[in-house]
Amino acid sequence: MDNVKLKNRLNGKVQALTEPLKERKILIMSETAITPINSDYIALTNNALDIIKENLKNQPLSFQLFDIVKSPTGGSTAFTVPSLTGDEIYKELTGIILDYTTPRAYWDTPEPVEGTPPVCYSKDSLISCEGKPCSHCQFNTFGSKDGESNAKACKESVVLFFLRPDSIMPVIVRIPVSSKLIFQRYMTRLIGKMIPIFGVVTKITLKKTTNKTGQPYSLYNFEAVNTLTPEETAHARSFGQKFMETVNAADIEQDTLKVV
């Protein structure tokens, strides 16, 4: 075999060996690269996670770093939202629910001091921190709080990671137990339409009502006001999953359950 034929044959083998490597490199890049899209949500139009990690210097994204929209008292129909210039008042909140948790917690005192960790807690309202089923707990029965009202001693809630259009950091929105069923019904309606929670723009509003004793409180309402495009939905799913991975899970579990 002459030198020219041998050289061509070797080049052919090298090319055959490198082709799979090139293809694999392209596949890997396509999995990690973020393709810009048109969206009103700035977190979905740029590499927001890099900005978060750069500002945090790779420190864990703990619960204390989130702005929290607490449940209003006295039947208020407005939200108080922290901002760079101080608290701002909104009659409604509009955004994407990236994720949510359904924690519950029990304190052995009727009125625990703010910031007091619970005696027992559960991050999903199903299994306690001690590994016991919440459904069998005496403090998960109606009337166990004080023997006079129909309230449970173990406090339930819903914690939303709520992404608004003008921010790459979601805010925490606390939904009290009085509105938990309303939220679950909203989720069920989305399921019925085969729509993921992060595939719609959700509007949250408040309505003033009273309990059986005449005490006013705020009732939450959830409404899907817009459906995201397939591209936006895919980006919202990816951003939400990667964002939650940066959250210190143990820290979230403990601090979402403290008295606020």
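Select Lys203 and Glu223 in this predicted model. Their side chains form a salt bridge, with the closest N and O atoms 3.7 Å apart. Lys203 belongs to strand S9 (residues 200–210) and Glu223 to strand S10 (residues 216–227), so the bridge ties together parts that are 20 residues apart in sequence. Lys203 is partly exposed, at 21% relative accessibility, and Glu223 is also partly exposed, at 36%.

Next, display Arg104, Lys152, Glu156 and Lys180, which salt bridges with shared partners join into one network. Within this network, Glu156 meets Lys152 at 3.1 Å, N to O, and Lys180 meets Glu156 at 2.9 Å, N to O. The latter pair links distant parts of the chain, since Lys180 is in helix H3 (residues 180–192) and Glu156 is in strand S7, 24 residues apart. Are Glu156 and Lys180 buried or exposed? Glu156 is buried, with a relative accessible area of 11%, and Lys180 is buried at 9%.

Now colour strand S7 (residues 154–163), which gives six residues to the largest nonpolar core and is its main contributor. That core has 44 residues, and Leu160, Val173, Ile204 and Phe239 have the most contacts inside it. Centre the view on Leu160: its contacts include Ile97, Val171, Phe183 and Phe222.

Finally, turn to the second largest pocket, whose volume is about 520 Å³. Of its 19 lining residues, Asp67, Leu84, Ser167, Ile168 and Met169 lie nearest the centre. Select helix H2 (48–56) as well, because the largest share of the lining, four residues, comes from H2. The lining comprises twelve nonpolar, three polar and four charged residues.

Notes:
Residues are numbered from 1 along each chain as its sequence is written. This is a predicted model: local features need pLDDT of at least 70, side-chain atom pairs count only at pLDDT 80 or more; totals for chains, interfaces and linings use all residues. Side-chain values use heavy atoms; hydrogens and water are left out. A nonpolar core is a set of buried Ala, Val, Leu, Ile, Met, Phe, Trp, Tyr and Cys residues joined through side-chain atoms within 4.5 Å. Buried means under 20% relative accessible area, exposed over 50%, partly exposed in between (1.4 Å probe, protein chains only). Helices (H or I, at least four residues) and strands (E, at least two) are DSSP runs, numbered from the N terminus. Contact means heavy atoms within 4.5 Å. On a 1 Å grid over the protein atoms alone, a cavity is a set of points where a 1.4 Å probe fits but cannot get out, and a pocket is an open set with protein on both sides within 12 Å along at least five of seven lines; lining residues have an atom within 4 Å of a point. Grid points are joined across faces, edges and corners, and a volume is the space filled by probe spheres set on the points. Ala, Val, Leu, Ile, Met, Phe, Trp, Tyr, Cys and Pro count as nonpolar, Asp, Glu, Lys and Arg as charged, and the others, Gly among them, as polar. A salt bridge is a side-chain nitrogen of Lys or Arg within 4 Å of a carboxyl oxygen of Asp or Glu. Lists of a residue's contacts leave out its neighbours within four places in sequence.
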